[in-house]
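Work through the exercises below with the sequence and the model in view. Each task is followed by a stepwise solution.

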Amino acid sequence: ILIVLLSLIGLFIVGAYHTNGYIKRYSPSVLDTQKYFETTEFRALIDKNGISCNHRNPENSCYFNKGKSKELIVVGDSFSGVFTRNLSEMNNLSLRVFQYEQCPLLSTAIWFGNVPECWEINKSRWNQLEKLSPSNILIGTNFNQFERAKKSLDQLKNGETNSTDQISSEEAFLSFRQAIEKLIQLGHHPIILLQTPNPETDVAKDLQKKIVRANFSFQKEYDGTSTEEMDQKVIELLNGLQVDFINVNKKLCNSESKCLTFNETGGLYNEGDHLSYFGAKIFMDDIQQKLK
C-alpha cells in the first residue's frame, strides 16, 4: 500500500510539473492572466507581421494607424515599452513606437548597459521626430540607470567598440532636459512617465505560486517601495518646461510609501520593476487625459 501511495504521489508531482500545475483545471480568467505573463511586457508588442516592436531602428518603427484619432509617439527604453501593448489596443489612438531597451531619449552622445549603439538610435529618433508633425510624446525612462552612463563615440560604426568612459549622472540628467527642450521647440507635447516603484519580490513568480496553490482570486498586496525621491529630482530638473507628468508612485503607493504589487486583476510587475500588462493598464486613462 505504501509503495502504491508513494507512486501515486510521484506521478502527481511529475504531472503537475509538466502541466504547469494541471493548467486545464484553471478558470478562463486565470488562464487569461497567465497569458499576459508569457512575455515581459516591454517585449510583448508585435506588428502585423509578428515582428517585435522593441529594438527597432526608428526608421522602421511600428506604427498603428487608427485613422481619425489622436496621435501618440512612445519614446524611450523598456520603461516606455511596458505601456505599448495596452496603448495599441485603444481604438481612438494612432500609435508610433520608438522604443529601444536601455536607450532613453537623450540629446548627447551617451549610452547604457548592453546597448553601445544608443547614440546612433537617438540620432535616428531625432531625425524622425524633426520630420513628424507636432504630436503627443510619451517618454518612459529608467532614471536609475543614469548613475551608470557612459560616453559614446559620436560616430559608431558596425562592429566597432564604443568608449567605456563613465560620465556623471548630472551630465545624463542635463542631456535628458535638453532632449525635452528640443521636443518642445519642435512643437511636440512631452508627457513624462515618472519612475516606477520598486517591488521587493519577483511578482511574476509570486503570481505563478498563487495559481499553482489554487489561489484563483487576487487581492491588493503592498510589497513595493516608493521611488518618490527620484520623481522629485526629475520634476525639479524639468522645472519651467511645458510638460505633463504621469506619476506612477502617486497611483500605486499609500501614505506610508508602500506600493501595490498585486491588485484584483493579478500581478502588477513582470521582470523586476517593469510593469506588467495589468500594471500598465492602470494608467491608460491618465495617459488619455494628457493627450492634446
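**Exercise 1.** In what order do the strands of the open sheet of four strands lie, and with which pairing?

Solution. The model is predicted, so local features need pLDDT of at least 70 and side-chain atom pairs count only at pLDDT 80 or more, while totals for chains, interfaces and linings use all residues. Residues are numbered from 1 along each chain as its sequence is written, and side-chain values use heavy atoms, with hydrogens and water left out.

Step 1. Helices (H or I, at least four residues) and strands (E, at least two) are DSSP runs numbered from the N terminus. Two strands pair if DSSP finds at least two bridges between them.

Step 2. The order in the open sheet is E8-E9-E11-E12, and the pairing is antiparallel. Strand E8 (198-199) and strand E12 (266-267) are the edge strands, each pairing on one side only.

Step 3. E8 and strand E9 (residues 221-225) run antiparallel and are joined by two bridges. Pro-199 has Gly-224 in E9 as its bridge partner.

**Exercise 2.** Which helix lies across E8, E9, strand E11 and E12, and at about what angle does it run to E11?

Solution. Contact means heavy atoms within 4.5 Å. Axes are lines fitted to C-alpha atoms, for helices over the stretch in contact, and angles run from 0 to 180 degrees between N-to-C directions. On these terms, helix H7 (residues 203-212) lies across the four strands E8, E9, E11 (258-263) and E12, at about 40 degrees to E11.

**Exercise 3.** List the disulfides, and give the hand of each and the burial of its cysteines.

Solution. A disulfide is a covalent bond between the sulfur atoms of two cysteines. The criterion here is a pair of cysteine sulfur atoms within 2.5 Å, and the count comes to three disulfides. Buried means under 20% relative accessible area, exposed over 50% and partly exposed in between (1.4 Å probe, protein chains only).

Step 1. Cys-53 and Cys-62 are bonded, with their sulfur atoms 2.0 Å apart. This link is left-handed, with -95 degrees about the S-S bond. Both ends are buried: Cys-53 has a relative accessible area of 1% and Cys-62 has 2%.

Step 2. Cys-103 is joined to Cys-118, S to S 2.1 Å. The value about the S-S bond is 90 degrees, and the link is right-handed. Cys-103 lies in the loop between strand E3 (93-99) and strand E4 (110-111) and Cys-118 in helix H5 (residues 118-131), so the bond ties together parts 15 residues apart in sequence. Cys-103 is buried at 0% relative accessibility, and Cys-118 is buried at 0% too.

Step 3. Cys-253 is joined to Cys-259, S to S 2.0 Å. This disulfide is right-handed because the torsion about its S-S bond is about 95 degrees. Cys-253 is buried with a relative accessible area of 15%, and Cys-259 is buried at 0%.

Step 4. With the bonded cysteines of the protein chain numbered in sequence order, the pairing reads 1-2, 3-4, 5-6.

**Exercise 4.** Which residues of helix H8 are buried, and why do they line one face of the helix?

Solution. Step 1. In helix H8 (residues 228-237) the buried residues are Met-230, Asp-231 and Val-234. Seen down the axis of H8, these buried residues fall within an arc of 105 degrees, so they line one face of the helix. The arc is that of the directions from the helix axis to the C-beta atoms.

Step 2. The face of H8 turned away from the buried side carries Glu-229 and Glu-236, which are exposed.

Step 3. The cover over the buried residues of H8 includes helix H6 (169-185), strand E7 (189-193) and helix H9 (248-252).
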